[in-house]
Amino acid sequence: MSLQALKKRFKQYNNKKENWDLISKAYHFAVKAHADQKRISGEPYITHPLGVAYILADLELDLITIVAALLHDVIEDTPYSYEQVEKIFGEEVASLVDGVTKLSRMEFRSKEEHQAETWRKMLVAMARDIRVILIKLADRTHNMRTLRYLHPAKQKEISRETLEIYAPLAHRLGIYKIKWEIEDLAFRYLNEEEYYHLADRLSKKRRERENFIYEVISILQEKISEAGISAEINGRPKHIYSIYNKMKSQDKDFNEIYDLTAVRIIVDSIRDCYAALGIVHTLWRPIPGHFNDYIAMPKSNMYQSLHTTVVCAENELLEAQIRTREMHRTAEYGIAAHWKYKEKVRDDREFEEKLSWLRQLLEWQQELKDAHEFMEHLKIDLFADEVFVFTPRGDVIDLPSGAVPLDFAYRIHTDIGNQCVGARINGRIVPLEYKLQTGDIVEIITSKGGTPSRDWSKIVMTSQAKSKIRNWFKKERREENITKGKDLLEKEINRLRLEPCLLLKEPLLEDVGVRYNFLSADDVYAAVGYGGVSPQQIVSRLREEYRKKYGEEKKPLPPVEIKPWKGAGKVTQGVKVQGIDNLLVRFSKCCNPLPGDKIIGFITRGRGISVHRKDCPNILQATKEKDRYLEVSWVVSNNLSYPVEIEVAGMDRPNFLTEVMHTISESKVNITAVNGRIARDKMAVINLTLVVKDLDHLEYIMKRIKKVKDVFSVKRHVEAGPSPASQVNTP
């Protein structure tokens with residue numbers, strides 16, 4: 001890369017001498033600023049900003065962007081300040097350089113938090129001036145081209161971030177020229193063996209494909225010319241990462257990917273696009289379901305084209321893309337092709353409308369404080385494939401793939417979403433879980449008394465809909481949310497075998513709430529209750545605050561091993577209590593101990609001895625009651641039996657419960673309770689209470705149940721609840 005190469009490319013679309021003079025001035029300023037700096041490769045540092053500027057010139061961006069690209073590392077990596085850059089090159093250049101610098105200076109506690117905040121800042125930067133992100137994309141592209149000089153671990157880390165953030169961003173902005181390049185480069189470092197394996201197989205088929213494409217282009221050129229249409233036809237290269245993704249998503253081998261051959265037909269007008277499509281379909285048979293009209297329904301990143309797949313000679317599949325020259329420019333350069341700062345286009349309202357998705361997205365993400373939730377929703381809103389559906393009046397609404405009628409309802413209006421009670425698709429009533437398909441005509445059925453359901457947040461795809469559902473519950477059911485939030489936090493703390501009374505102190509909750517912009521402890525409880533923040537996140541923060549103020553939390557009591565007392569007690573219900581006679585003995589329902597389990601006794605107040613398994617979560621929580629533990633032991637008896645609860649999980653299907661019950665009845669075991677439910681992904685969960693003799697007897701029955709078709713797991717059910725001490729103090 002040289003200054004002359006940059007000049008040659010810039011002059012191809014901007015011939016003004018004074019413009020080049022400013023770029024030359026910026027280049028020499030950057031050379032001086034970075035004079036003592038080298039890249040890891042050993043090259044002078046100036047090669048990097050020069051490479052970034054060339055990538056942006058290749059997208060034919062404006063003068064100011066090229067100048068800012070040459071200076072993009074000056075404020076961050078050299079002694080020069082914002083004020084100095086502003087004085088020499090003006091406020092607009094300095095603002096762009098400062099915007100790029102701020103994106104690079106962020107530090108965070110976790111990788112997920114880093115990614116989330118990076119994205120928040122990028123969204124804000126894009127809303128202010130999209131050129132900041134274009135420079136950042138070019139910066140990442142040049143870094144990927146020179147990644148070979150870094151340590152392999154760093155190569156993988158940067159490549160993973162590129163695939164997760166920068167490639168989808170290039171896709172959303174429609175800059176496929178950059179997207180395809182950085183995807184292939186990242187794939188090469190993340191999965192080198194698979195990359196070169198596919199590259200080798202593509203190379204072996206190249207001559208065969210080139211001959212086929214040459215014949216196809218000759219036929220097309222002849223027929224399209226006969227129709228009086230001027231067209232430029234060329235082969236379209238398939239990118240290695242896109243082939244790999246198709247193999248992975250469709251579970252196919254390389255030899256089963258038939259549409260590796262593709263052509264692009266570029267014509268002068270939209271009318272010629274449809275005429276060329278007719279010629280293609282006349283020459284070869286189109287495959288049903290493989291035609292997309294992105295001219296009538298453009299993608300939200302401004303992409304327009306006709307896509308069709310046809311069957312050529314010898315069952316060879318051919319993919320054809322047909323577009324105008326302006327559409328082709330947009331497909332290659334995306335938003336950069338419509339840059340409003342170009343001359344005579346400063347008041348481009350169409351450009352502003354095309355960026356409206358960005359401002360909407362920024363607005364929808366304002367409430368999402370949790371880093372994990374933010375990233376999940378962002379991936380859906382920003383990077384998902386799209387479906388195009390119609391209102392009854394014929395307006396086109398674009399939604400992410402997998403969206404349901406509720407997403408459509410909330411996109412139209414918040415009240416329509418909140419009052420939705422059903423939906424008609426193409427005149428037919430469908431469930432709210434129905435996945436919308438491109439071309440569907442959607443009509444929402446509302447009722448004035450209709451209100452959202454908590455289950456809706458699990459159904460909808462867009463963060464806009466999730467946010468509005470959450471806001472409704474936040475405003476309408478505050479007291480209910482506070483109660484539910486307390487319960488969820490206590491359960492999470494108990495799960496970690498900690499003490500709720502220690503962590504759920506109001507000062508601690510208020511300190512944690514400040515991080516999430518909550519004003520009180522009740523606000524924290526309510527946020528957990530309506531799903532605004534996860535209980536795991538709050539408990540993690542509570543533990544941090546507790547350690548700052550009081551030191552480490554008290555550790556849970558390890559499994560108790562107590563030496564037996566002298567003296568022999570009497571046998572009660574098959575259990576002998578060492579050293580004490582005539583005490584009421586009962587078996588704890590939380591763990592249902594059986595002969596064969598290691599057990600321990602706990603002295604309750606007024607209810608005798610409670611017998612637990614030694615690994616029972618509730619026993620492990622009772623850290624303050626060591627003096628109330630007693631050594632107990634089993635006494636074998638064939639006349640006694642014991643209740644125990646088990647949990648059976650498997651794939652839901654007809655007669656699944658019947659077969660499980662039949663297997664148990666064949667073992668001649670009494671069943672005292674049955675409770676079944678359907679969990680996510682068609683998973684059936686059955687809780688049964690059986691009466692068995694001992695641990696061996698239970699294991700025998702569980703082994704038999706595991707042999708039932710579609711059973712995934714069989715395990716004993718242990719209920720983690722309040723500790724024995726707190727249980728016995730309640731009336």
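I'll start with the sheet. Five strands make up an open sheet, ordered 1-2-5-4-3, with mixed pairing. Strand 1, residues 231–235, and strand 3, residues 285–293, are the edge strands; each has a single partner, so one side of each has no neighbour in the sheet. From one strand to the next the twist averages 20°. Keep in mind that this is a predicted model.

Inside the sheet, strand 4 (residues 306–311) and strand 5 (residues 317–324) are antiparallel to each other, paired over 6 bridges. If you want one position to look at, take Thr 309: its bridge partner in strand 5 is Glu 319.

What lies across these strands? Helix 14, residues 270–283, lies across strand 2 (262–267), strand 3, strand 4 and strand 5. Helix 14 runs at about 10° to strand 4.

Now the salt bridges. The count for the model is 21. I'll go through a few of them.

In helix 9, residues 131–145, Lys 136 and Asp 139 sit 3 residues apart, about one turn of the helix. Residues three or four places apart in an α-helix point the same way, because there are 3.6 residues a turn. Lys 136 and Asp 139 form a salt bridge, with the closest N and O atoms 4.0 Å apart. Are these two residues buried or exposed? Both Lys 136 and Asp 139 are buried.

Helix 9 also supplies Arg 140, whose side chain meets that of Glu 161 in a salt bridge at 2.8 Å, N to O. This pair links distant parts of the chain, with Arg 140 in helix 9 and Glu 161 in helix 10 (residues 152–172), 21 residues apart. Glu 161 and Arg 140 are both buried.

The next pair is Arg 653 and Glu 659, whose side chains form a salt bridge at 3.0 Å, N to O. Glu 659 is partly exposed here, at a relative accessible area of 33%. There is also a network: Arg 9, Asp 58, Glu 60, Lys 177 and Arg 329 are joined by salt bridges that share partners.

Last, helix 23, residues 478–495. How far should its 18 residues span? At 1.5 Å a residue the expected span is 26 Å, and the end C-alpha atoms are 25 Å apart, which agrees. The buried residues of helix 23 are Asn 481, Ile 482, Gly 485, Leu 489, Glu 492, Ile 493 and Asn 494. Just after the helix, Arg 497 has a positive phi of about 60°.

Note on methods:
Residues numbered from 1 in each chain as written. Predicted model: local features only at pLDDT ≥ 70, side-chain atom pairs only at ≥ 80, totals over all residues. Heavy atoms only, no water. Helix = DSSP H or I, 4+ residues; strand = E, 2+ residues; numbered from the N terminus. Expected span 1.5 Å × (residues − 1). Buried < 20%, exposed > 50% of the residue type's maximum accessible area, 1.4 Å probe, protein only. Pairing = 2+ DSSP bridges. Axes fitted to C-alpha atoms, helices over the stretch in contact; angles between N-to-C directions. Contact = heavy atoms within 4.5 Å.
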